[in-house]
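Me: I have a model to look at and a pile of terms I only half understand. Could you go through it with me and tell me where each term comes from?

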Amino acid sequence: MKNTNKTPAQQPVQQPPQLPQGFSTESLKTIAVIAVLVLAFTNWNSLIAIMVNIMIFIYRIAGHNFGLAIILFTILIRVVTWPLNAQQMKGQVAMQEMQNDKEWQAIQKKYAKDKEKLAQEQMRVYREKGINPFGSCLPMLIQFPILFALIPTITYAIGSTPLSLLKLAEYAYDFQNVVGLLPLKSNFLWMDDLGLPERTLVLGLSIPVLALIVGITTYVQTKLTMPPSADPNDQTAQTTKMMAIYMPVMLFFFSLNYASGLAVYFITSNVLGIVQYALQGKANWRNLLPGGQKK
Amino acid sequence: MIFSMRKKILLVTVILLAAVLLSGCVGSTTWPGLSADGDTAYLANGLSVYAINLSDGEEIWHYPLQSNSKLAFNSNPVLAPNGLVIVGSSGVDHSLFAINPEKFPDGPVESVGGVQKFLCSIGLATCPEHHVEEWIFTDSEGHWVASPLVVSDKVFAPNADGNLYILDLHTGDLLKKLTLDGDSKTPNRLWSQPVSDGQHVFVTSLDLQVFGVDAETYEYWRQDLTGAIPGSGVIGSDGMLYVGSLAKQLEKFDPVTGKHEPVLDTKGWIWGTPVVNGDNLYFSDVDGNFYSYNIKSGKLNWESVKLEAGPITASPLVYADGALVVAESGNVYFVDGTGSDDVWHAAPEKGKAYTTPVSAGGYVLVSYIESDYYLIALDEDGDQKWIFPAGK
């Protein structure tokens with residue numbers, strides 16, 4: 001019989017589990033994110049059903065006020081994705097700070113004509129400084145199924161058209177006893193129907209008030225998160241500036257044509273985002289002032 | 001690979017576009033409206049209303065002549081005795097249009113692009129103008145889901161804003177705006193075409209109410225149900241009004257007093273309007289069941305038939321020897337007088353059907369969404385004769 005009682009010196013050294021060669025924890029994170037995305041999109045209807053039922057549940061406890069239900073739903077999503085947003089923000093700041101790093105700027109100049117070498121050097125600097133270049137993208141990616149599912153969720157949950165009402169019946173779980181709630185009250189504040197694009201008559205003109213608020217709050221949020229750049233004329237600063245215009249305009253047109261309930265979501269989400277930045281001390285209020293970017 | 005800001009912008013753009021496309025999973029937000037007379041079918045399908053020649057499926061005209069993204073047509077066009085085609089828009093521009101088919105120009109109409117349209121609107125260019133409307137009613141506050149009903153020279157038009165607009169058929173002038181708001185502070189959603197027994201006009205509401213409006217005095221009674229009513233009522237052979245609701249009940253109403261009682265419990269929500277034939281009512285539910293109810297006996301003629309798992313929102317087409325039923329899947333079933341069913345026309349490869357089919361010109365017309373075509377004409381054997389549009 002073999003003696004299995006080995007002295008400590010004889011015992012094999014416990015190695016921590018090793019990843020295969022070429023695999024890093026970052027690769028694992030990427031694979032996990034892809035897996036979550038694949039899982040979400042291959043179970044698309046289930047995801048929508050879950051979100052629709054959460055929305056109906058909130059509607060019930062929010063006193064049958066759909067606008068309030070959307071706001072509470074947005075807060076819930078913000079709370080759930082808070083750690084992801086925080087990580088995304090951290091990654092963004094790290095990436096922005098990198099733009100002002102002396103070594104970073106030096107390699108940009110040195111390898112301006114050798115893209116391959118430049119990429120290698122950039123990766124080396126990232127490694128040395130412990131920055132994950134995907135750090136701001138992965139948390140954003142993992143939230144996309146929720147963003148994508150929001151449009152059908154709000155459209156179906158409001159049930160403003162015959163087909164969306166029928167879909168609501170299809171997605172609602174039996175225990176919700178949704179027939180007792182129908183039709184959902186889809187008016188909110190001055191809006192008659194959150195399932196339709198909003199227009200308000202101002203001095204005889206049909207003004208998309210909600211879409212304008214979406215544009216403004218998106219602009220404010222984007223500006224607040226823009227870190228000051230050492231050189232406002234560098235490419236990154238320029239593209240960031242462009243982003244501050246581009247996103248609000250895009251979301252404005254988006255809100256112009258989709259259910260106003262979605263615009264309520266965007267506005268709430270923007271306001272909460274601003275609050276989150278402010279609470280974390282990241283909000284750059286100077287950016288809102290003309291010339292506020294200049295240091 | 002480095003995620004530069006430019007790439008991030010590209011990524012966000014792609015994602016937002018994908019969100020829009022995926023919201024295409026929302027796809028159509030509702031289904032087309034369909035009606036027909038002796039030789040023409042009228043299809044209200046999104047941005048346009050089409051008049052289609054029943055003999056060959058060719059387009060005769062479409063409305064509006066110039067595309068307008070503010071309009072959306074989805075309710076059944078109503079054919080008035082004076083030849084007008086009346087249809088409301090559920091788009092941002094929620095007007096009710098009385099189209100005069102005789103006013104359409106011969107030959108194709110020059111298309112006016114966005115920039116030119118803008119220049120025309122500010123008087124810096126001249127655009128060809130064709131007014132094919134007899135009148136346009138623009139005073140509703142909500143969109144039009146319901147088709148109007150023409151009684152004598154009046155148009156009874158229920159709107160999603162909770163008002164029943166009563167208009168002059170010939171001029172479109174507002175005769176009366178009747179707010180059917182019940183006790184609720186929010187407007188009643190009136191989604192279905194009214195029905196009339198000649199003296200009263202009966203209006204159902206999604207907000208669980210049924211109204212009986214005197215066609216002359218406009219006085220009305222109101223009754224509450226326990227479920228939303230997306231379909232219309234129907235006048236039975238006994239002169240009573242029958243209404244199905246999402247409370248899984250068929251109810252009978254006295255047309256004068258509004259006094260009502262449930263007459264049948266169903267397995268699923270009743271969505272489509274029941275169809276009357278003699279002493280029998282035929283209707284379906286959203287669980288895919290089909291019913292034949294005898295008014296005299298107060299009982300089902302036979303146990304309901306489970307046609308398929310998906311919902312049936314369309315009203316059936318009733319014949320002497322049975323009924324044709326269109327299910328969401330696109331299958332068209334024939335159910336005979338004993339309750340025995342068979343697939344009469346198999347569903348297309350892709351597409352869903354919610355619209356009530358129409359029988360005209362010797363064809364059965366079935367409308368689809370999310371399909372390669374909007375409309376199909378089937379002959380008496382259930383074989384396809386033409387599709388519209390042919391080259392879609």
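Reply: Sure, here is a round of questions on terms and the values behind them. First, this is a predicted model, in which local features need pLDDT of at least 70, side-chain atom pairs count only at pLDDT 80 or more, and totals for chains, interfaces and linings use all residues. Residues are numbered from 1 along each chain as its sequence is written, while chains are lettered from A and ligands numbered from 1 in the order in which they are written.

Me: What makes up the secondary structure of chain A?

Reply: Chain A comes to 11 helices and two strands. Helices (H or I, at least four residues) and strands (E, at least two) are DSSP runs, numbered from the N terminus. In order from the N terminus, the elements go α-α-α-α-α-α-α-α-β-β-α-α-α.

Me: How do you know what span to expect for helix α6 of chain A?

Reply: The expected span is 1.5 Å times one less than the number of residues. α6 of chain A covers residues 115–129, which is 15 residues, and 21 Å is expected. From first C-alpha to last, α6 reaches 21 Å, so the value is close to what the definition asks for. Right after α6(A) comes A:Gly130, with a positive phi near 70°.

Me: Where do the domains of chain A lie?

Reply: Domain 1 is 26–187 and domain 2 is 197–295; such bounds come from an automatic or database domain assignment. Their contact takes 18 residues from domain 1 of chain A and 17 residues from domain 2 of chain A. Two residues are in contact if their C-beta atoms, placed from the backbone, lie within 7 Å. On the domain 1 side of chain A, α3 (66–80), α4 (82–99) and α7 (138–158) each supply at least two residues, and the largest share, seven residues, is from α3(A).

Me: What kinds of residues are on that domain 1 side?

Reply: They divide into 10 nonpolar, seven polar and one charged. Ala, Val, Leu, Ile, Met, Phe, Trp, Tyr, Cys and Pro count as nonpolar, Asp, Glu, Lys and Arg as charged, and the others, Gly among them, as polar.

Me: Why is B:Leu208 called buried?

Reply: A residue is buried if 20 or more other C-beta atoms lie within 10 Å of its own, exposed if 12 or fewer, and partly exposed in between, with C-beta atoms placed from the backbone. B:Leu208 has 21 C-beta neighbours inside 10 Å, so B:Leu208 counts as buried. B:Lys248 is buried too, because 20 other C-beta atoms lie within 10 Å. For chain A, 34% of the 295 residues count as buried.

Me: What is notable about phi in B:Leu208 and B:Lys248?

Reply: Most residues other than glycine have a negative phi, and most peptide bonds are trans. B:Leu208 has a positive phi near 70° and is not a glycine; its place is the loop between β14 (200–204) and β15 (209–214) of chain B. B:Lys248, also not a glycine, has a positive phi of about 60° and is found in the loop between β18 (241–245) and β19 (249–253) of chain B.

Me: Which peptide bonds are cis, for example at B:Pro64 and B:Pro389?

Reply: The bond from B:Tyr63 to B:Pro64 is cis, with omega near 0°. The bond from B:Phe388 to B:Pro389 is cis as well, with omega near -10°.

Me: What makes the largest nonpolar core a core?

Reply: It is a set of buried Ala, Val, Leu, Ile, Met, Phe, Trp, Tyr and Cys residues joined through C-beta atoms within 7 Å. Of its 153 residues, A:Val52, B:Ala41, B:Val325 and B:Leu365 touch the most other members. The largest share of this core, eight residues, comes from α7(A).

Me: How do you know that β22 and β23 of chain B pair?

Reply: Strands pair if DSSP finds at least two bridges between them. β22 (280–284) and β23 (289–294) of chain B have five bridges in the antiparallel sense, so they meet the definition. Opposite B:Asn280 stands B:Asn294 in β23(B). β23(B) and β24 (299–300) of chain B, also antiparallel, have two bridges, so that pair meets the cut-off as well.
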